[in-house]
Amino acid sequence: MIVLKVIFFIALFALVFNYLLYPLSLSILAKNKQINIPFYTQTEATLPIVYILMAVYNEEKVIQQKINSIFSTNYPISKINVLIGSDGSTDNTNQLIKSHLNKKNIELIEFSGRNGKPQIINKLVTQFKQKYTNQASETVFIMTDANVMFTENTIYQLTKYFKSEHVGIVGADIKNKNIQPNTGIGFLEHFYVANENNIRKNESILYGKAMGIFGGCYAIKPSLYYKVPPNFLVDDFFLSMKVIEANNMVLQNPNAIAFEDVPNNIAEEFKRKRRIGAGNFQNLIYFKNLWWGKLTNTAFIFIAHKLLRWLGPFFLIIIFISAALLSGVHFFYKMAFIVQILFLLNTLIYMVLKDVISMPKFSKIIAYFYTMNIALLRGFFDFLKGINSGIWEPTKRNITA
């Protein structure tokens, strides 16, 4: 029984540490501190040339708004270039992009069939390096999704820290622009993203190593772009870890603000989290050299921020089983077991009746937490079965125009 109790508390502590203690300790240590490295001022003549790379697939609802947001900027327009790879789009996406070709510095490359976002970006980078060999050293890539809208400061804030030769990636602070507090799970996803951005910001300040950035909007030094394996699902984390592996900085800039249309439907978010979960385990094994058997700050951040998060479903299962087995030993374990059953029932009720009844916010939080962990568990089994392709269907947008 002692061993079972130890297992219970280790699993419980792992969850508490990952979701509460680690973020809290970072906030305390980074309080009143900022990223302290050289940066470009907004009026410097040496601001880098920017190439914005996008892989798009059937984005007719958002592509014009996206292009307009890129060029509604205080960054020198003459230094902005856009390379768009259309991944076999079958709607009006290509035609809408072509309507801008004579007005702005945009290049559209149409690819046949489906390749998947990572492979389209790989091909765009390869074409850039073949065509603009002499520009690479003075250029910054900005990788972005069609549904992530820029503000006038986004491009500058993403590029400013590249004045330091040690910076490899800078991530944007992506916010949800369509929060619906009384329906769906949009507000919960917004809270999750905001919390992740804050953790990454503090990791940047303290260590210069944010554990991954959101793939919807980030800047990367061309010389540090590594081809993403064709079957990898989470290219942003792969590239972040490659940059850290090469002893360069990965930063989260809270002033590089962009806005995203976050799914408000829990079924759509489940599919997205399941795909990300499978990709997470791909990266976990690929980069085991950064965390396995190491006593470095990189290993600590990787384990504290990512590994414990990805193992969350297994910790929940361990806590549930050990509490059930210990329920006859002490009242505490009996209550822990009952609480978990209630949480699971709450999640089931929400999934079945979410469109019929309005549930309290606390119930939605519990349902969201368990559902996303179940999605991560499903992603783990997808990973075990093997992933042969990086192609995936984009989540449905809330945007209607």
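Glu 196 is buried, at 1% relative accessibility. Its salt-bridge partner is Arg 309, with the closest N and O atoms 3.0 Å apart. Arg 309 is buried as well, at 8% relative accessibility. These values come from a predicted model.

**A charged pair between helices**

The Glu 196 and Arg 309 pair links distant parts of the chain. Glu 196 sits in helix 6 (residues 186–207), while Arg 309 belongs to helix 9 (residues 297–310). They are 113 residues apart. The pair is part of something wider: Glu 196, Arg 200, Lys 306 and Arg 309 are linked in a network of salt bridges. Side chains of opposite charge can pair when their charged atoms come close.

**Other salt bridges**

How many salt bridges does a search of the whole structure find? The search gives 14. Three of them, including the buried pair above, are set out here.

| Pair | Closest N and O atoms | Relative accessibility |
|---|---|---|
| Glu 196 and Arg 309 | 3.0 Å | Glu 196 1%; Arg 309 8% |
| Glu 110 and Lys 98 | 3.0 Å | Glu 110 45%; Lys 98 38% |
| Lys 242 and Glu 245 | 3.6 Å | Lys 242 16%; Glu 245 31% |

Glu 110 and Lys 98 form a salt bridge. This pair also links distant parts of the chain, from strand 3 (residues 106–111) for Glu 110 to helix 3 (residues 93–98) for Lys 98. The two residues are 12 apart. Glu 110 is partly exposed, and Lys 98 is partly exposed too.

Lys 242 and Glu 245 make their salt bridge within one helix, helix 7 (residues 235–245). They are 3 residues apart, so about one helical turn separates them. An α-helix has 3.6 residues a turn, so residues three or four places apart point the same way. Lys 242 is buried, whereas Glu 245 is partly exposed.

**Helix 10 and its packing**

Helix 10 (residues 312–326) has 15 residues. At 1.5 Å a residue it should span 21 Å. Its end C-alpha atoms are 21 Å apart, which agrees.

Which residues of helix 10 are buried? They are Gly 312, Pro 313, Phe 315, Leu 316, Ile 319, Ser 322, Ala 323 and Leu 326. The cover over these buried residues includes helix 1 (2–30), helix 9, helix 11 (331–353) and helix 12 (361–385). Helix 9 also carries Arg 309 of the buried salt bridge.

Two packed helices are described by the angle between their axes and the distance between the axes. For helix 10 and helix 12, the angle is about 110° and the axes are 8 Å apart. Angles of 65 to 115 degrees count as roughly perpendicular, and the two helices are therefore roughly perpendicular to each other. Helix 10 passes helix 12 in a left-handed crossing. On the helix 10 side, the contact is made by Gly 312, Pro 313, Phe 314, Leu 316 and Ile 317. Helix 12 contributes Phe 369, Tyr 370, Asn 373, Leu 376, Leu 377 and Phe 380. Gly 312, Pro 313 and Leu 316 are among the buried residues of helix 10.

**Two asparagines in loops**

Asn 32 has a positive phi, near 65°, although it is not glycine. Asn 32 lies in the loop between helix 1 and strand 1 (49–56). Asn 32 is exposed, at 76% relative accessibility.

Asn 58 also has a positive phi, near 50°. Asn 58 falls in the loop between strand 1 and helix 2 (63–71). Asn 58 is partly exposed, with a relative accessible area of 26%.

Technical notes: Residues numbered from 1 in each chain as written. Predicted model: local features only at pLDDT ≥ 70, side-chain atom pairs only at ≥ 80, totals over all residues. Heavy atoms only, no water. Salt bridge = Lys/Arg side-chain N within 4 Å of Asp/Glu carboxyl O. Helix = DSSP H or I, 4+ residues; strand = E, 2+ residues; numbered from the N terminus. Buried < 20%, exposed > 50% of the residue type's maximum accessible area, 1.4 Å probe, protein only. Expected span 1.5 Å × (residues − 1). Contact = heavy atoms within 4.5 Å. Axes fitted to C-alpha atoms, helices over the stretch in contact; angles between N-to-C directions. Parallel < 35°, antiparallel > 145°, perpendicular 65-115°, else oblique. Left-handed = near helix turned anticlockwise from the far one by under 90°.
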